[in-house]
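Trainee: Could we go through this one together, a question at a time?
Mentor: Gladly, let's take a look.

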Amino acid sequence: MTTPRDAFYMARAISLAKKGRYTTDPNPRVGCVLVRGDVVIGEGWHVKAGQGHAEVEALKNTSDAKGATAYVTLEPCSHQGRTPPCCDALIKAGVSRVVAAMQDPNPLVSGKGLERLKAAGIEVVSGILQEDAQALNRGFIKRMTNNRPYVRSKLAMSLDGRTAMVSGESKWITSDKSRADVQRLRAESSAILTGISTVLADDPALNARIDGDVLQPVRVVLDTNLNMPVTAQMAKLPGRSLILTCAEDQQKQQALQQAGFEVYQLPGKDGRLDLYAVMEFLAGQQINEVLVEAGSVLNGALLDEGLVDEYVIYIAPCILGDQGRGLFTLPGLQQMADKKQLKLRDVRQVGPDLKLIFIPL
């Protein structure tokens, strides 16, 4: 049975899991707290893939876990991967109770870890602060259950809904504080996705510029006809830069590969890349969360296909005029009945700007 203090210690475990927000990909963010009586005797979190899982790290920090309760934000693993099963470590340590916030979303292993613990005579409780735990790992959950990453689109606009002047000039609509907030969004993303038009216009770096340890996101460019210049700066930066294309031009592909890009040919649809194929490909690359930083054409196509899970929109207190560029290119919307409806999930002020988070209905 659950106790009133279960939520308290699980909240601590979730707080620990957040410490791995920028570093755990492609693994989920997980925290663990070991409690005996009313005393925390050990705690830990998963830092990087290939390193110890949260349960193992917590056990390292105590000399004796016998009879303790282990609070874990995700069901302890029961299979041998790059590290041994956490279930076995907890059983060997002699814990008497395991409280998990949620089951492993992988349908091949979900529930098996909890069953192994029960079979060893350990009391098992699941579902404590489950929604909070799920919010930590939306991308991992989406990839495990739908074979697609969690897609978040970041947009910045003026009060009159413009993302740039008619000339294309857009630096800067929002404040320094909003741009710093975007760097944190980048850091917690597995990949940053953009279109070739944005690359040709801005030559972006698409990296996360924050203090502290961060696993740099994979840079992904949708380039239907292989127009990517070999001189683009992202190819010279550490980490992976991917070009997804429909073009079969082997000479162009080889030139880009020699410049430092990875080039992958994917199926097309209506003269452009098939966006569903793109998302399945990214899931196959073990990418959990995608941050879209693109123009109105790609954002409109993703919206039309229903492939965006969350919109993060920064609104600056300025006016750019009716000739400025809009957020979405959606020529198919002709009547009010065709409108795209979103649900506001959160709103807060960031410096002088507003940050709004919307999800599709």
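**Helix H7 and the salt bridges**

Mentor: Keep in mind that this is a predicted model. In H7, the buried residues are Ser-178, Asp-181, Val-182, Gln-183, Leu-185, Arg-186 and Ala-187.

Trainee: Which strands are among what covers the buried residues of H7?
Mentor: Look for contacts around those buried positions. The cover includes strands E6 (150-157), E7 (191-195), E13 (289-292), E14 (310-315), E15 (342-350) and E16 (353-360).

Trainee: How far apart are the end C-alpha atoms of H7?
Mentor: H7 has 12 residues, 176-187, and at 1.5 Å a residue they should span 16 Å. The distance in the model agrees with that: 17 Å.

Trainee: Is Arg-152 buried or exposed?
Mentor: Buried means under 20% relative accessible area. Arg-152 has 5% relative accessibility, so Arg-152 counts as buried.

Trainee: Which residue meets Arg-152 in a salt bridge at 2.8 Å, N to O?
Mentor: The partner is itself buried, with a relative accessible area of 3%. Arg-152 lies in strand E6 and the partner in strand E14, so the pair ties together parts that are 158 residues apart in sequence. The partner is Glu-310.

Trainee: Which residues are linked with Arg-152 and Glu-310 in a network of salt bridges?
Mentor: Side chains of opposite charge can pair when their charged atoms come close. Here the network also links Arg-29, Arg-138, Glu-289 and Arg-345.

Trainee: How many residues apart are Lys-118 and Glu-115?
Mentor: Their side chains meet in a salt bridge at 3.7 Å, N to O. Both lie in helix H4 (residues 112-119), about one turn of the helix apart, which is 3 residues.

Technical notes:
Residues are numbered from 1 along each chain as its sequence is written. This is a predicted model: local features need pLDDT of at least 70, side-chain atom pairs count only at pLDDT 80 or more; totals for chains, interfaces and linings use all residues. Side-chain values use heavy atoms; hydrogens and water are left out. Helices (H or I, at least four residues) and strands (E, at least two) are DSSP runs, numbered from the N terminus. The expected span of a helix is 1.5 Å times one less than its number of residues. Buried means under 20% relative accessible area, exposed over 50%, partly exposed in between (1.4 Å probe, protein chains only). Contact means heavy atoms within 4.5 Å. A salt bridge is a side-chain nitrogen of Lys or Arg within 4 Å of a carboxyl oxygen of Asp or Glu.
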